Amino acid sequence: MAFPLLFILVLLSLRIKRSLCDPRATEAARICTNTSAAESDRRVFVANFLAAVDAMSAQVATQGYGSAVNGSGNTTVFFFGECMKDLSRNDCDHCFAQIKIRILSCLPFQMLIRGGRISYDGCYIRYDEYMFFNESLSSVDRTVCGSVDFGGNKTLFGDSVSDLVRNLSVEAPNNDRFSVGIVTAGNLSVYGLAQCWEFVNRSGCGDCLANAVSRIGSCLSMEDGRVLNCGCYMRYSTSKFYYNDSSTDPTPGKGGGNRLAVILAATSAGVAFLLIAATMSFFARKKRVKKRRERKQLGALLVSVNKSRLNFSYETLEHATNYFSNSNKLGQGGSGSVYKGILPDGQIVAVKRLFFNTRQWVDHFFNEVNLISEIDHKNLVKLLGCSITGPESLLVYEFVANQSVHDHLFGFNKNVQPLTWEDRYNIILGTAEGLAYLHEESNLRIIHRDIKLSNVLLDDDFSPKIADFGLARLFPEDKTHISTAIAGTLGYMAPEYIVRGKLTEKADVYSFGVIVIEVVSGKKNISFAQNAHSILQTAWNLYRLGTPCEAVDPSLQGKFKEEEARKLLQIGLLCVQASAELRPSMSMVVKMMKDNYEIPQPTQPPFLIAGSGESSTQFAQSRTSHSRPESHNTQSSGNNISEIFIQPR
């Protein structure tokens, strides 16, 4: 079967237009422009942005260029993209697929970035809030010179390049906005390319390229130079970077090159087939192994659950929640929805209905039942049982009446009771005691991994209970740390965990520190937002000035104990120190709060934004502000995660 398929692939490869170049998906310049806007505008703008990308991409795939307009008013998005005309269709598709991903780095999230453009050597993309299709020049046009200095006769080289680009600027407007050429400088060949974008008319194309000729003069001491105007692209290089299929191409041995291309195409097709077959086999085997592991996990769990007090029938829980009625729905997280239920004996419970469309649901279910059922503490939500025999897996918890701390501080329900200073202090202390139990006092050493305000629930007496252990990890006693895939919520995750995947209980300590400062200040931590001051920075600056109490939530109207506020903010800053080794253990935090224990001086936290005078933070923005590779609460972009933090020194 393999040989006939390979033979067909070889025949098809002979019919494909062959290209002797690569798709030139190398970034030459990226420009993003910022303007502020209301949050509602940002959401609409993002939706219009994505719709315009899809519409434009379909055009580029068929004709090599495309434009789109989507939206209305101040949320309208204008989009344009085009490939270099010398690229084959395959190379164009390849280049454009990569540049579409890269333009997402200009996509608006916290600040509205209403305009962006990226120039690759093989393609170009731009979006903006106004109709720019008739532009040929702009104030942000770029000249990019190569990094290798020309070592020969610079006068001869410069004169030759100048002649080349002048000729290109004259020929391109009369030649479908595109021209390539070659000149000889002594014994060296220099190659050039000029192209105007499709929306630029002939006159505008001439003006744009004339401007490019004058600008590229600043690069004539280098072996490579580019001008990236908003209406055109010009480049010269001592290396041949383009492909020209015309008979005027002076490249020697062209016929031999075509024969070589046929051989290479046939060989590549065979190799590609083998790689595809091997890849399919690998993923099929991986899927089978995973299914066997899941069946083994669930099988072992089913035996233990059926013999234990944890077992609930699916029908009982279905009736208890009124068949999972929306009127009983308490909330929804990254792993499932939670419903209020009343058991036949009148006990009120919370039932979590796990999402089956996540790859992690088996791990999540196994984690909570097999791990968390063994622990018991007044500040941890108690797992009462589960159902594993019905059409879906259910987890049953004790019902916690007063929602989460997040709901009370930042929720939209105006009927929730405001938190007094005493409430806030007790919430922080109870959360610390719960974490100390997980880390040090229980029979198991457990790291929660997702400590945040929405996972701290309040009972009838407003005592805190830590919930949602789906990401929890058992920490072996003989280990100093665990290396694991990143999971959690941005803004609460420790820097060493995000950057290196190094997980210890100090990651929970960092998250707790963020919670402390949020509860005291009544403000969300937005340290991952561009051009925004995080509460960590605010608390640190006020602490250094000796006025930490200025960070206390103004809604308290001064009704708080200053000494306790100073203590809590100092503890919070201790917990969010950049160095994990300097952060205290949670048992030490409890001692600091309950006893007359000397509190050390904190060092500067990470996440400080540029302009603070101390350090800066660079956040390579992901698609969402909350991402979870393991549990749908963190999501990475194509950016290097190690660029997120600039640590204080």
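**Exercise 1. Find which residue of E15 stands opposite lysine 352, then place the pair in its sheet.**

Solution. Start with the pair: lysine 352 faces leucine 395, a residue of E15. Keep in mind as you look that this is a predicted model.

Step 1. Look at the two strands involved. Strand E13 covers residues 348-354 and strand E15 covers residues 394-398, and they pair in the antiparallel sense over 5 bridges.

Step 2. Widen the view to the sheet. Its 5 strands follow the order E11-E12-E13-E15-E14, the pairing is antiparallel, and the sheet is open.

Step 3. Go to the edges. Strand E11 (329-332) and strand E14 (383-387) each have a single partner strand, so one side of each is left without a neighbour in the sheet.

Step 4. Follow the turn across the sheet: from one strand to the next, the twist averages 25°.

**Exercise 2. Work out the strand order of the open sheet that contains E6 and E7, and say which helices lie on this sheet.**

Solution. Step 1. Read across the sheet: the order is E6-E9-E10-E8-E7, again 5 strands in an open sheet with antiparallel pairing.

Step 2. Name the edge strands. They are E6 (142-145) and E7 (178-185); each has a single partner strand, so one side of each has no neighbour in the sheet. On average, neighbouring strands here are turned by 10° against each other, direction ignored.

Step 3. Zoom in on one pairing. Strand E8 (residues 188-196) and strand E10 (residues 232-237) share 6 bridges in the antiparallel sense. Within E10, tyrosine 233 is the bridge partner of glutamine 195.

Step 4. Add the helices. Helix H5 (residues 202-216) packs on the sheet and touches E6, E8, strand E9 (224-228) and E10, its direction making about 35° with that of E10. Helix H4 (residues 154-174) lies across E7, E8 and E10 and runs at about 160° to E7.

**Exercise 3. Locate the disulfide of cysteine 145 and decide whether it is left-handed or right-handed.**

Solution. Step 1. Find the partner: cysteine 145 is joined to cysteine 219, with an S to S distance of 1.9 Å.

Step 2. Use the torsion. About the S-S bond it is about -80°, so this disulfide is left-handed.

Step 3. See what is linked. Cysteine 145 belongs to strand E6 and cysteine 219 to the loop between H5 and E9, so the pair ties together parts that are 74 residues apart in sequence.

Step 4. Count across the whole structure: a search finds 5 disulfides.

**Exercise 4. Describe how H14 packs with H15, and how H10 packs with H12.**

Solution. Two packed helices are described by the angle between their axes and the distance between the axes.

Step 1. Take H14 (residues 562-575) and H15 (residues 586-594). Their axes come within 10 Å and cross at roughly 165°. An angle over 145 degrees counts as roughly antiparallel, so H14 and H15 are roughly antiparallel to each other. Their crossing is right-handed.

Step 2. List the contact. H14 brings Lys567, Leu568, Ile571, Leu574 and Cys575, while H15 brings Val589, Met592 and Met593. By class, that is 7 nonpolar, no polar and 1 charged residues.

Step 3. Turn to H10 (residues 421-441) and H12 (residues 505-521). Here the axes come within 10 Å and cross at roughly 175°, and the two helices are therefore roughly antiparallel.

Step 4. Inspect this contact too. Among the H10 residues are Trp421, Ile428 and Leu435, and among those of H12 are Asp508, Phe512 and Val516. The classes are 8 nonpolar, 2 polar and 3 charged residues.

Key: Residues are numbered from 1 along each chain as its sequence is written. This is a predicted model: local features need pLDDT of at least 70, side-chain atom pairs count only at pLDDT 80 or more; totals for chains, interfaces and linings use all residues. Side-chain values use heavy atoms; hydrogens and water are left out. Axes are lines fitted to C-alpha atoms, for helices over the stretch in contact, and angles run from 0 to 180 degrees between N-to-C directions. Helices (H or I, at least four residues) and strands (E, at least two) are DSSP runs, numbered from the N terminus. Angles under 35 degrees count as roughly parallel, over 145 as roughly antiparallel, 65 to 115 as roughly perpendicular and the rest as oblique. A crossing is left-handed if the near helix is turned anticlockwise from the far one by less than a right angle, and right-handed if clockwise. Contact means heavy atoms within 4.5 Å. Ala, Val, Leu, Ile, Met, Phe, Trp, Tyr, Cys and Pro count as nonpolar, Asp, Glu, Lys and Arg as charged, and the others, Gly among them, as polar. Two strands pair if DSSP finds at least two bridges between them. A disulfide is a pair of cysteine sulfur atoms within 2.5 Å.
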